[in-house]
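Visitor: I would like a close look at a single part of this protein, taken slowly. Could you walk me through one helix and then its wider surroundings?

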Amino acid sequence: MKTLIIAEKPSVGKEIARVLGATQKSKTHIEGKDVIVTWALGHLLGLKMPEEYKKEWATWDLNTLPLVPEKMLITPLKNTRGQLKAIKQLADRKDIGSAVIATDAGREGELVARWILEYVHFNKPVKRLWISSQTDKAIKDGFNQLQPSKKYDTLYDSAVARSEADWLIGLNVTRALTVKYQDSLSAGRVQTPTLAMVRKQEAKIQSFVPETFYTVQLIVDGKKAVVQEGAPRKFSEREKAEALVVSLKNNPVVVVAIKEKQTVQQAPLPYDLTELQREANQRYQFSAKKTLSLMQTLYERHKVLSYPRTDSKYLTQDMISTMKERVMAIQNFAPQEVKGILKNGTKVTQKGVFNTAKVTDHHGIIPTEERPRPEKMEADELKIYRMVVERFIGLFLPAYKVSKTTIVFSAANILFELQQEEVLEKGWKKDIQKQSESVYTLNEQIMHPTYTIKKQLTEAPARLSEGALLQNMEKNGLGTPATRAEIIEKLIKSDLMERNQNKLSTTPKGQQLLTLVNPALVTPELTSEWEKSLEEIAKGTLKKEDFLKQIKKETAQLVAEIKQSTETYKDHALTNKICPDCGELLKERSGRDGKLLICSSSTCSYKRRKDPKVSNHRCAQCHRKMEIHEGKSGNYFKCKYCNISEKIEGKTSKKPSKHETNKLMQKINKQQEEVESPLALAMKAAMEKKND
């Protein structure tokens with residue numbers, strides 16, 4: 001009998017098949033002597049939409065809300081039906097005796113496979129592959145340690161609970177808001193409080209009033225000491241600061257205290273996904289989605305990183321024996337550092353990293369035993385890989401040691417404080433430069449001290465960067481490491497939030513939504529409670545049914561609040577432009593390729609670009625890129641600087657007329673008489689076939 005193995009993606013399935021020796025390839029699976037490896041394409045099934053339960057639910061009407069099916073059912077997704085059908089045919093084969101779930105080792109991966117097995121009515125033994133990297137060794141070890149799928153039943157329950165709860169809350173609230181206010185208004189228990197965080201920061205910026213203040217500093221050996229005691233640290237008026245300086249000028253400055261403190265800072269732990277996304281955003285302005293995509297490639301294709309969708313920074317005790325192999329793998333990537341680590345016996349100095357109790361589904365992100373091939377990686381992939389390698393190397397380096405000295409100066413009983421640091425050992429902070437500091441003795445009198453008055457202005461809070469938003473989401477339990485990037489992208493795609501030069505802001509539509517949506521959905525408390533409940537379900541301490549019973553009550557309450565609301569809504573996306581098809585006003589929307597103008601009528605499908613598309617075609621006069629405009633006779637080039645227009649030669653979406661076809665045929669026949677080229681013959685045959 002053979003084992004049916006279900007991977008989450010074709011790329012992963014092909015790697016598993018290769019490692020297991022399966023070589024008989026087809027479009028939907030790869031077969032071997034004892035195994036058949038097939039794959040999903042992400043989710044192949046989803047929860048049914050309202051109209052699939054009841055016909056009357058197809059109409060968006062406040063009177064039908066809330067929509068609460070007696071039992072939630074799954075249905076095939078339209079674009080992947082072919083692959084699902086192929087898996088069902090494989091599962092029904094008489095020579096299949098068992099199955100292995102080899103999807104991503106996490107909540108969503110469990111849902112992908114379990115829904116497939118449920119849909120195809122698979123009733124044979126099922127086991128679970130649980131691995132944290134895609135190397136050959138990890139795959140082989142994983143198949144040697146397969147676990148009964150029953151061990152992960154509570155994880156599946158948690159995934160189902162999350163999916164059904166999001167359907168109930170998100171779909172009902174979104175439909176209620178959309179119908180009541182006649183605009184597409186998307187809300188949810190994670191995305192709405194995330195949007196509110198961005199708006200809260202904007203409110204701080206808008207209410208900020210800049211203030212001018214003055215500080216007095218003592219200049220000693222070119223260094224600035226600040227007021228510690230005996231006088232205000234800030235002056236609202238320059239005259240008061242000047243008065244203090246005058247009173248101090250004729251007084252001696254004496255060292256009255258020297259305080260020394262040594263600090264030891266161990267290397268940071270490996271990245272979890274959220275921290276890596278935050279730092280990549282800060283360093284390279286990568287979006288959270290882009291960072292996750294790059295990591296997924298490093299994990300699946302290059303096999304040089306461990307599982308990326310982790311919320312843990314720790315490693316398990318049994319990984320100690322794998323450290324040398326991982327260090328050897330990065331030898332060509334970081335030769336100098338690895339040489340020193342090997343010389344020291346591959347000893348991990350950051351002992352706290354090995355803590356099995358603090359590892360959740362997956363350990364922290366570290367390099368695998370696979371040797372990297374930088375020439376095969378893209379520039380952005382290398383940036384992310386270097387970040388992980390640098391953090392990993394730090395685990396083997398000495399601690400960073402620094403001596404911090406505080407020198408206190410006294411002038412007319414006014415105390416000034418000077419902070420100095422001396423690096424004793426660079427340790428893992430290899431780029432830190434050692435500083436030469438001035439040396440002082442107790443009761444030493446400072447010769448020729450000077451004072452300076454510094455004018456400063458209080459700074460307004462900055463807009464949230466994507467990295468800062470990720471940190472706030474993590475702090476408040478909004479989403480999971482695997483879903484936070486998707487939530488941010490969804491908010492932007494829904495025209496509720498904008499990204500501009502790595503800074504995030506809410507749109508007028510997003511600002512209004514926060515006033516219309518239920519207060520319970522604006523704060524993160526509800527979602528935080530949800531996540532705790534989902535964790536309890538995964539641990540087996542809370543029943544899925546009890547959780548969903550409470551969610552149904554909350555759904556009814558949220559819908560009732562929207563129905564009773566007296567708030568008003570203004571669609572800021574409406575323009576003064578008229579739809580040429582139906583006469584309604586056009587709305588402005590963001591598209592993949594810039595702003596679009598779409599008809600505000602739900603029954604009209606008219607849309608066009610707001611601004612002309614800029615082509616690579618250059619103006620003959622000013623040599624700038626020309627725009628593409630749409631005219632009665634088709635598209636044409638136009639220079640907005642010179643107002644010159646040009647016909648677009650070559651590709652056209654218009655079908656040639658019979659007259660144009662005959663004219664082209666005559667030209668081809670004439671060319672054929674001169675020289676019967678293969679190209680002419682091919683064109684002639686194509687035209688004759690078209691005319692037939």
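Guide: Happy to; here is a look at helix H7, followed by the cores, one buried threonine and a small sheet. A word on the basis: this is a predicted model, in which local features need pLDDT of at least 70 and side-chain atom pairs count only at pLDDT 80 or more, while totals for chains, interfaces and linings use all residues. Residues are numbered from 1 along each chain as its sequence is written, and side-chain values use heavy atoms, with hydrogens and water left out.

Helix H7 spans residues 238-248. Helices (H or I, at least four residues) and strands (E, at least two) are DSSP runs, numbered from the N terminus. The buried residues of H7 are Ala241, Leu244, Val245 and Leu248. Here buried means under 20% relative accessible area, exposed over 50%, and partly exposed in between (1.4 Å probe, protein chains only). Viewed down the axis of H7, these buried residues fall within an arc of 100°, so they line one face of the helix; the arc is that of the directions from the helix axis to the C-beta atoms. As background, an α-helix has 3.6 residues a turn, so residues three or four places apart point the same way. On the face turned away from the buried side, H7 carries the exposed residues Glu239 and Val246.

What does the buried side meet? The buried residues of H7 pack against strands S10 (212-220), S13 (400-411), S14 (414-425) and S16 (450-457), where contact means heavy atoms within 4.5 Å.

Now for the wider surroundings. The largest nonpolar core has 80 residues, and Ile116, Val173, Leu177, Leu469, Met497 and Phe547 touch the most other members. Such a core is a set of buried Ala, Val, Leu, Ile, Met, Phe, Trp, Tyr and Cys residues joined through side-chain atoms within 4.5 Å. Helix H5 (residues 153-181) gives the most to this core, with 14 residues. A second, separate core of 45 residues includes Leu269, Leu315, Leu382 and Ile393.

Next comes Thr310, in the loop between helix H9 (288-300) and helix H10 (323-329). Thr310 counts as buried because its relative accessibility is 2%. Leaving aside neighbours within four places in sequence, Thr310 is in contact with residues including Asp272, His363 and Pro481.

Finally, an open sheet of four strands runs in the order S23-S24-S25-S26, with antiparallel pairing; two strands pair if DSSP finds at least two bridges between them. Its edge strands are S23 (613-618) and S26 (645-647), each pairing on one side only.
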